[in-house]
Amino acid sequence: MACLKFILLIFTLHSFMPTPISSNPSLSKEVLPRIRPDFLEFAKKPEIMDWMVGIKRKIHENPELGYEEFQTSKLIRAELDLMGIPYKYPIAVTGIVGYIGTGKPPFVALRADMDALAMEELVEWEHNSKVPGKMHACGHDAHVAMLLGAAKMLQEHRNDLQGTVVLIFQPAEEGGGGAKQMLDAGDLDDVDAIFALHVSIRHPIGVVASRPGPLLAASSFFEAVINGKGGHAALPQHTVDPILAASNVIVSLQHLVSREADPLVLRLLALENSKAVEPLTSFQIL
């Protein structure tokens, strides 16, 4: 629970800067310093935390795969309706885009993914997956709960915003290209920046970490053609067995990526022309 509380804060800190983000600010110098303390105090309320945990558990119990997040999307829309937040739906089948603020620039987006993974949950607990063969094993249930929590906090301070916060609930992150589908829909064309995060077990509760440039791993695809030469089983020395060659390729590739190097480092090096990878910078939210 504490992890959700602390990670939620980073979603929203970017929306309340100590200096105006508009060329014609409407907030006085006396009001600006009070925004961040008031904002964080709202986040610490037990009822906000309990509500977020309840959202996460509902979604965890009812996981849905990419482009099948109909019940998850329905739950999100119901919460947005209760908060009085306008939104567009459907985008990319099940996606939602909500709006908080003036409806005018600058447009800054907060994004969460919604889909689950096609795997069985083996941990027995009160709120485990009720759908055989599907589970939220990658934390997207927490991401949705955090974004809804951020939405509730932002809506409470909507009159202090000098621009528009765009809420992106994205389908099909686990394959299926949900992000591209939402971009292709055109509803994010005016967005100047998008902030998102991912839960992690690598850092203690209350710590948020990041670094410049690409951060999380991504999968890539390629095709390889292996040609062989047939022959008689009694004369194997005259043949070229493509199955044996393909088997060796697979084993060798696995040695390279998963046994010899960090895949995050390999991808960063490829993207940044072999520049040194900067270490993660972390900070604690008090």
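## Thr-72 and its surroundings

In this predicted model, Thr-72 touches Ile-59, Asn-62, Glu-64 and Met-114, when residues up to four places away in sequence are left out of the count. Thr-72 belongs to helix α4, and with a relative accessibility of 3% it counts as buried, since buried means under 20% relative accessible area.

## The nonpolar cores

Helix α4, which spans residues 70-83, is also one of the elements that each supply at least two residues to the largest nonpolar core. That core has 33 residues, and those with the most contacts inside it are Ile-76, Leu-80, Leu-148, Leu-167 and Phe-169. Besides α4, the elements that each give at least two residues are the helices α2 (32-43), α3 (46-61) and α5 (140-156), together with the strands β2 (95-101), β3 (107-113) and β4 (164-170). Of these contributors, α5 gives the most, with 9 residues.

Leu-167 offers a view of how this core is put together, for, not counting residues up to four places away in sequence, Leu-167 touches Leu-80, Ile-85, Ile-96, Val-97, Gly-98, Ile-100, Leu-110, Leu-147 and Ala-151. Apart from the largest core lies another one, of 10 residues, and among them are Ile-91, Ile-168, Met-182 and Leu-188.

## Helix α5 and its packing against α4

How far does α5 reach from its first C-alpha to its last? With 17 residues, α5 reaches 24 Å, which is close to the 24 Å expected at 1.5 Å a residue. Of those 17 residues, 15 are buried, so α5 is largely enclosed by the rest of the structure.

Two packed helices are described by the angle between their axes and by the distance between the axes. For α4 and α5, the axes come within 10 Å and cross at roughly 10 degrees; because angles under 35 degrees count as roughly parallel, α4 and α5 are roughly parallel to each other. On the α4 side the contact is made by Leu-75, Ile-76, Glu-79, Leu-80 and Met-83, while on the α5 side it is made by Val-144, Leu-148, Ala-151, Lys-152 and Gln-155. Sorted by class, the contact of α4 with α5 has 7 nonpolar, 1 polar and 2 charged residues. Ile-76, Leu-80 and Leu-148, which take part in this contact, are also among the residues with the most contacts inside the largest core.

## Cis peptide bonds

Which residues does a cis peptide bond join at Pro-90? The bond joins Tyr-89 and Pro-90, with omega at about -5 degrees, and Pro-90 lies in strand β1, which covers residues 87-91. The peptide bond from Pro-105 to Pro-106 is cis as well, with omega near -5 degrees, and Pro-106 is placed in the loop between β2 and β3.

## Positive phi at two alanines

Ala-92 has a positive phi of about 55 degrees, although this residue is not a glycine. Ala-92 is found in the loop between β1 and β2, and with a relative accessible area of 16% it is buried.

A positive phi, near 55 degrees, is also found at Ala-172, another residue other than glycine. Ala-172 sits in the loop between β4 and α6, the latter being residues 178-184, and at 1% relative accessibility Ala-172 counts as buried.

Note on methods: Residues are numbered from 1 along each chain as its sequence is written. This is a predicted model: local features need pLDDT of at least 70, side-chain atom pairs count only at pLDDT 80 or more; totals for chains, interfaces and linings use all residues. Side-chain values use heavy atoms; hydrogens and water are left out. A nonpolar core is a set of buried Ala, Val, Leu, Ile, Met, Phe, Trp, Tyr and Cys residues joined through side-chain atoms within 4.5 Å. Buried means under 20% relative accessible area, exposed over 50%, partly exposed in between (1.4 Å probe, protein chains only). Helices (H or I, at least four residues) and strands (E, at least two) are DSSP runs, numbered from the N terminus. Contact means heavy atoms within 4.5 Å. Axes are lines fitted to C-alpha atoms, for helices over the stretch in contact, and angles run from 0 to 180 degrees between N-to-C directions. Angles under 35 degrees count as roughly parallel, over 145 as roughly antiparallel, 65 to 115 as roughly perpendicular and the rest as oblique. Ala, Val, Leu, Ile, Met, Phe, Trp, Tyr, Cys and Pro count as nonpolar, Asp, Glu, Lys and Arg as charged, and the others, Gly among them, as polar. The expected span of a helix is 1.5 Å times one less than its number of residues.
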